[in-house]
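Trainee: I would like to learn how to read a model of this kind feature by feature, and I would be glad if you took me through it slowly.

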Amino acid sequence: MIVSTFAAILAILYIQLSFRVIKLRRAKRISLGDGGDKSLQAAIRTHANFIEYVPFSLILLFLLEYQGLPSHYCYILGAMLVAGRFCHSYALADNLMKLRVLAMMLTFITILISAVMLLVTQVF
């Protein structure tokens with residue numbers, strides 16, 4: 001299972017993003033919410049954005065792999081998702097808007113290509 005490898009990599013990134021929020025909460029002594037702190041807001045949104053997009057993306061990739069998509073396509077789509085999520089986590093941490101745009105484009109393209117490929121396999 002190719003998608004399992006990408007899911008594992010993304011799970012590790014998720015833990016890292018969680019620890020970033022925890023570290024900032026401890027340093028700023030903010031246990032709930034963001035206390036108006038910009039760096040904590042960015043860390044929380046990075047974490048939240050990850051959990052908003054990654055599970056759905058992985059489900060689509062899993063379905064494609066399960067339906068027999070050739071492995072090289074699974075690797076390409078998985079790599080795009082991982083690259084997009086890594087870029088996004090660094091873009092928000094360092095306030096790099098161009099990198100954030102690239103990151104979301106990679107994520108959206110992964111979702112779109114996956115969805116279209118699933119539809120095409122159902123129709124044809």
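Trainee: Is Thr-121 buried, exposed or partly exposed?

Mentor: This is a predicted model, and in it Thr-121 has a relative accessibility of 42%, so it counts as partly exposed, since that class lies between 20% and 50%. Thr-121 is found in helix α4, and its C-alpha lies 9.0 Å from that of Leu-64, although the two residues are 57 apart in sequence.

Trainee: How does Ile-9 fall on that scale, and which residues does Ile-9 touch?

Mentor: Ile-9, whose place is in helix α1, is partly exposed, with a relative accessible area of 33%. Leaving aside residues up to four places away in sequence, Ile-9 touches Val-82 and Phe-86. Between Ile-9 and Thr-110, by contrast, the C-alpha distance is 16 Å, with 101 residues separating them in sequence.

Trainee: Stepping back to the chain, how many helices and strands are there?

Mentor: The protein chain has 4 helices and 0 strands, and read along the sequence it follows the pattern α-α-α-α. Taken along the principal axes, the C-alpha atoms fill a box of roughly 55 × 25 × 20 Å. Of the 124 residues, 39% count as buried, and among contacts with a separation of 6 or more, 63% come from residues 24 or more positions apart.

Trainee: How should I describe the packing of two helices, and at what angle do the axes of α2 and α4 cross?

Mentor: Two packed helices are described by the angle between their axes and the distance between the axes. Here the axes of helix α2 (residues 38-66) and helix α4 (residues 97-123) come within 9 Å and cross at roughly 30°. That makes α2 roughly parallel to α4, because angles under 35 degrees fall in that class. The crossing in which α2 passes α4 is left-handed. On the α2 side, the contact includes Asn-49, Tyr-53, Phe-56 and Leu-60, while α4 contributes residues including Met-104, Phe-108, Ile-111 and Met-117. By class, the residues of this contact of α2 with α4 are 11 nonpolar, 4 polar and no charged.

Trainee: What is the corresponding reading for α2 and α3?

Mentor: The axes of α2 and α3 come within 10 Å and cross at roughly 175°. That makes α2 roughly antiparallel to α3, because the angle is over 145 degrees. Among the residues that meet are Arg-45, Phe-50, Leu-58 and Glu-65 in α2, and Cys-74, Leu-81, Arg-85 and His-88 in α3. The contact of α2 with α3 divides into 10 nonpolar, 6 polar and 3 charged residues.

Trainee: At what angle do the axes of α1 and α2 cross?

Mentor: For α1 and α2, the axes come within 10 Å and cross at roughly 165°, which means that α1 is roughly antiparallel to α2. As α1 passes α2, the crossing is left-handed, and the contact of α1 with α2 has 18 nonpolar, 4 polar and 4 charged residues.

Trainee: Turning to the interior, which residues touch the most other members of the largest nonpolar core?

Mentor: In soluble globular proteins, nonpolar side chains tend to be buried together. The largest nonpolar core in this model has 19 residues, and Leu-10, Phe-50, Leu-58 and Leu-61 touch the most other members. The elements giving two or more residues to this core are α1 (2-28), α2, α3 (71-94) and α4. Leu-61 touches Val-3, Leu-77, Gly-78, Leu-81 and Ser-114, if residues up to four places away in sequence are not counted. There is also a second, separate core of 5 residues, which includes Val-21, Leu-24, Ile-30 and Leu-40.

Trainee: Finally, what should I look for in the backbone angles, and what is the phi of Arg-29?

Mentor: Most residues other than glycine have a negative phi. Arg-29, although not a glycine, has a positive phi of about 55°, and it lies in the loop between α1 and α2. With a relative accessible area of 78%, Arg-29 is exposed.

Trainee: Where is Asn-95 found, and is Asn-95 buried or exposed?

Mentor: Asn-95 is found in the loop between α3 and α4, and at 68% relative accessibility it counts as exposed. The phi of Asn-95 is near 55°, a positive value in a residue other than glycine.

Conventions. Residues numbered from 1 in each chain as written. Predicted model: local features only at pLDDT ≥ 70, side-chain atom pairs only at ≥ 80, totals over all residues. Heavy atoms only, no water. Axes fitted to C-alpha atoms, helices over the stretch in contact; angles between N-to-C directions. Parallel < 35°, antiparallel > 145°, perpendicular 65-115°, else oblique. Left-handed = near helix turned anticlockwise from the far one by under 90°. Contact = heavy atoms within 4.5 Å. Nonpolar A, V, L, I, M, F, W, Y, C, P; charged D, E, K, R; others polar. Core = buried A, V, L, I, M, F, W, Y, C linked by side-chain atoms within 4.5 Å. Buried < 20%, exposed > 50% of the residue type's maximum accessible area, 1.4 Å probe, protein only.
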